Amino acid sequence: MTTGSADVRDETVEVWDSRLRLHVKIAGDGPPLLYFHPLMGLSWSPWLDQLAQRYTVYAPEHPGTSPGDPQAIREVQTFWELLLVYEEAIRKLGLERPAAIGQSFGGMVAADLAASFPRVFSRLVLLSPAGLWRDDAPIPLMEMVAGPPEELPTYVFAHPESEAARAALALPADPEQIPKAIAQTIWNTGCTTKFAWPIADHGLDRRLHRIQVPTLIVWGREDALVPVAYAKEFGSRIAGSQVEVIDDCGHAVPVDQPERSWTAISGFLAG
Amino acid sequence: MKVSLFEQVPYRFLPEGFERLHSSVVTAPYQLVEPGRMTESLVSAYAELLHGARAGFDGICVTEHSQSSYDISPNPTLLASAVACAAQAEGLDVAITVLGRSLGKTREPLKIAEEYALLDCISGGRLIAGFPVGLSYDANLNASLPAVETRERYREHRELILKAWSEPRPFPWNGRFEKYGQVNIWPRPIQQPHPPIWIPGIGSPGTLRDILQRDYSFVYLSWDGPKLTGRQVFDRYWELAEEMGRDRNPYRLGFVQVVAVSETDERAEKEFAKHLQAHYWSGPGAIPRTAMAVPGYAEPAAIEGMLRSAGHGGMLARLRTATYRELVDSQVAIVGSPATVADQIEAFVREFRIGNLMVMLQNGSMPRDLTEKSISLFGEEVLPRLRPIWDEEGWTNQWWPRAQGTTGAVTGAAAGRQA
């Protein structure tokens with residue numbers, strides 16, 4: 001679901017032979033920065049406001065996850081088509097080699113865009129991205145997505161009881177709005193997992209070598225969804241990349257460790 | 001009306017308290033199984049279905065679930081095939097209903113086309129082809145197919161199967177999910193262009209509209225019995241039928257009901273109470289709610305509707321602990337003497353205009369001898385009361401097999417009854 005700051009505006013970009021109206025949330029000033037959201041949809045969280053103080057943040061909503069347009073997911077049949085949709089949207093937005101941040105599912109999208117179209121981004125930040133698979137480090141995506149909802153925070157946060165974690169999953173205050181909000185989040189997850197089910201592996205390991213831009217890989221050491229073992233898998237395949245592993249941090253890096261992740265990300269982007 | 005015996009195939013020897021520790025689907029631990037008792041569970045189901053065919057039921061029904069302790073029937077056409085051959089050999093004129101192979105779950109739809117066709121051939125044209133989407137846990141967890149694509153796969157697979165059955169010459173199929181160069185299956189159904197098609201579902205408006213438009217027969221599959229959720233689904237169906245210009249032929253509608261029959265009401269309770277409780281607790285009651293709708297399986301409006309109506313109507317959320325009394329009072333299970341059972345069934349069948357009734361007489365830990373007694377009593381004393389219910393209205397049942405030739409082909413035995 002999209003919650004938001006007052007200064008976030010919504011723009012639609014017509015792509016994919018006019019079959020899709022991609023919703024992009026935009027905020028801030030400065031050089032362009034693309035943000036690709038995780039599995040449950042775009043949530044405009046405090047650290048995006050922080051980024052918007054230095055950059056113009058463009059955050060596209062995965063097809064089907066924009067409220068009121070659920071069937072848009074039907075227009076994108078494969079993961080390859082999803083990448084083409086985004087590549088087109090970046091051109092239509094008039095963005096010249098923006099920096100990009102991809103988180104979790106969005107990290108898989110951003111990494112594959114950078115590998116498939118080596119000149120599309122200027123810099124790349126991957127926050128605990130999906131996209132690879134090791135038999136000795138299974139990613140419990142199915143267990144999380146189809147498991148009891150009360151267990152979900154334990155996959156995402158190092159400290160599920162923390163105020164930040166609770167705020168990140170907060171439901172609307174108006175009880176009448178709660179079913180709609182839950183339904184939207186469930187549907188969002190259905191739209192993203194379409195390209196990540198049951199295992200989010202589209203052969204990215206064989207394409208990562210094509211990434212040619214400076215890349216920062218950030219991981220929480222206690223990640224219970226995509227284990228930290230994958231940090232070095234990404235790092236070793238992307239030439240010249242930096243890997244930053246943050247202690248006492250789970251899958252949702254900016255929620256669990258806002259200051260340390262901000263220091264790492266802002267320093268890298270400025271560098 | 002037509003009355004069929006429907007069997008799921010539970011493992012009958014689950015330890016007490018299973019549901020407190022385990023899920024009955026996807027992750028149900030196989031270490032609990034003793035091999036000999038698995039054989040007994042599977043073979044009993046086969047024997048009971050055949051017993052039902054001998055007891056005069058119009059049809060036998062089986063269905064498909066994988067990775068489940070409450071229905072060990074990963075491919076129901078295997079079981080149906082064994083019953084069909086035995087029925088042939090004995091000259092029993094019984095419809096073979098596979099309710100069915102799950103079209104939203106399969107990775108090989110042409111196998112379903114072939115298997116159904118084979119069943120139709122060996123049964124002499126007695127197949128009823130069930131085309132279910134498949135439950136979410138089965139399609140999206142067991143088969144691990146993306147939930148949001150489940151219905152798209154279903155529609156393509158159904159179209160492919162229908163074409164494979166009736167297209168005279170080999171044809172290419174360039175679908176989104178399936179691609180074939182030359183489709184030319186052997187055998188094809190005796191019943192052309194296709195056997196009667198029954199669509200099981202839980203009654204969502206989109207499904208009902210599709211069924212009526214294509215002129216198939218709807219089977220309301222529910223664990224709730226007729227009382228709790230029946231009215232809203234059946235009323236919606238008949239209203240839609242009227243709106244779409246379809247007649248009120250009761251054979252457009254089927255329903256599955258759990259039943260147990262004994263000599264008296266008291267005896268029925270004594271014999272069946274613990275088995276029925278065990279069935280609901282360790283079977284449907286032990287399916288995690290989230291496994292019934294993996295994200296993407298249901299549209300946002302439908303999810304919102306489910307969330308807003310949670311706790312109203314259905315019994316599903318309470319099945320894991322429901323007492324015998326609750327089950328019987330709510331008619332989730334109809335249990336008692338032949339007269340009690342016949343009275344209750346007749347009342348709701350007439351009220352909701354149900355033409356195809358499927359009764360589940362084996363459930364949970366119920367042993368074979370007790371099940372067969374229940375089947376016999378139903379066949380002797382309940383069936384004769386139900387069968388003529390719609391006779392006076394004079395409808396044609398175009399959703400019943402158009403059997404050709406005789407039974408007994410396997411042994412050359414005398415011709416059986418015609419449908």
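Here are some questions and answers about a predicted model with chains A and B.

Q: How do you know that Ile139(A) is buried or exposed?
A: The test is a count of C-beta atoms within 10 Å, and 20 or more means buried. Ile139(A) has 23 such neighbours, so it counts as buried. You will find Ile139(A) in the loop between β6 and α4 (141–146) of chain A.

Q: What makes up the surroundings of Ile139(A), leaving aside neighbours within four places in sequence?
A: Ile139(A) is in contact with Ala130(A), Trp133(A), Ala200(A), Leu225(A) and Val226(A).

Q: Why is Ser128(A) called buried?
A: The cut-off is 20 other C-beta atoms within 10 Å. Ser128(A) has 27 neighbours inside that distance, so it passes. Ser128(A) lies in the loop between β6 and α4 of chain A, and its phi is positive, about 35 degrees, although the residue is not a glycine.

Q: What makes Ser104(A) a buried residue?
A: With 28 other C-beta atoms within 10 Å, Ser104(A) is buried, because 20 is enough. Ser104(A) sits in the loop between β5 and α3 of chain A. Its phi is near 60 degrees, a positive value in a residue other than glycine.

Q: Why is the sheet of chain A called open, and which strands stand at its edges?
A: Eight strands form this open sheet, in the order β1-β2-β4-β3-β5-β6-β7-β8, with mixed pairing. At the edges stand β1 (9–15) and β8 (242–246) of chain A; each has a single partner strand, so one side of each is left without a neighbour in the sheet. From one strand to the next, the twist averages 20 degrees.

Q: How do you know that β3 and β5 of chain A pair?
A: A pair needs at least two bridges. Four bridges join β3 (residues 32–36) to β5 (residues 99–103) of chain A, and the two strands run parallel, so they count as a pair. Phe36(A), for instance, has Gly102(A) as its bridge partner in β5(A).

Q: Which strands does helix α10 of chain A touch?
A: Helix α10 (residues 258–270) packs on the sheet and touches β5, β6 (124–127), β7 (215–220) and β8 of chain A. Its direction makes about 175 degrees with that of β7(A).

Q: What makes both faces of strand β3 of chain B covered?
A: In β3 (residues 95–98) of chain B, Ala95(B) and Thr97(B) on one side and Ile96(B) and Val98(B) on the other are all buried. Four bridges join β2 (residues 59–62) of chain B to β3(B), where Ile96(B) stands opposite Ile60(B).

Q: Which residues touch the most other members of the largest nonpolar core?
A: They are Val57(A) and Ile96(B), in a core of 201 residues. Helix α3 (residues 105–116) of chain A gives the most to this core, with eight residues.

Q: How many residues of each chain are in contact with the other chain?
A: 19 residues of chain B are in contact with 22 residues of chain A. Helix α11 (residues 300–309) gives the most to the chain B side, with five residues. That side divides into 11 nonpolar, three polar and five charged residues.

Q: How do you know where chain B should be read with care?
A: The mean pLDDT of chain B is 94, and 95% of its residues reach 70 or more. Over residues 410–419 of chain B, however, the pLDDT is below 50. Where pLDDT is low, the predicted coordinates should not be read in detail.

Key: Residues are numbered from 1 along each chain as its sequence is written. Chains are lettered from A and ligands numbered from 1 in the order in which they are written. This is a predicted model: local features need pLDDT of at least 70, side-chain atom pairs count only at pLDDT 80 or more; totals for chains, interfaces and linings use all residues. A nonpolar core is a set of buried Ala, Val, Leu, Ile, Met, Phe, Trp, Tyr and Cys residues joined through C-beta atoms within 7 Å. A residue is buried if 20 or more other C-beta atoms lie within 10 Å of its own, exposed if 12 or fewer, and partly exposed in between; C-beta atoms are placed from the backbone. Two residues are in contact if their C-beta atoms, placed from the backbone, lie within 7 Å. Ala, Val, Leu, Ile, Met, Phe, Trp, Tyr, Cys and Pro count as nonpolar, Asp, Glu, Lys and Arg as charged, and the others, Gly among them, as polar. Axes are lines fitted to C-alpha atoms, for helices over the stretch in contact, and angles run from 0 to 180 degrees between N-to-C directions. pLDDT is the predictor's confidence in each residue, from 0 to 100.
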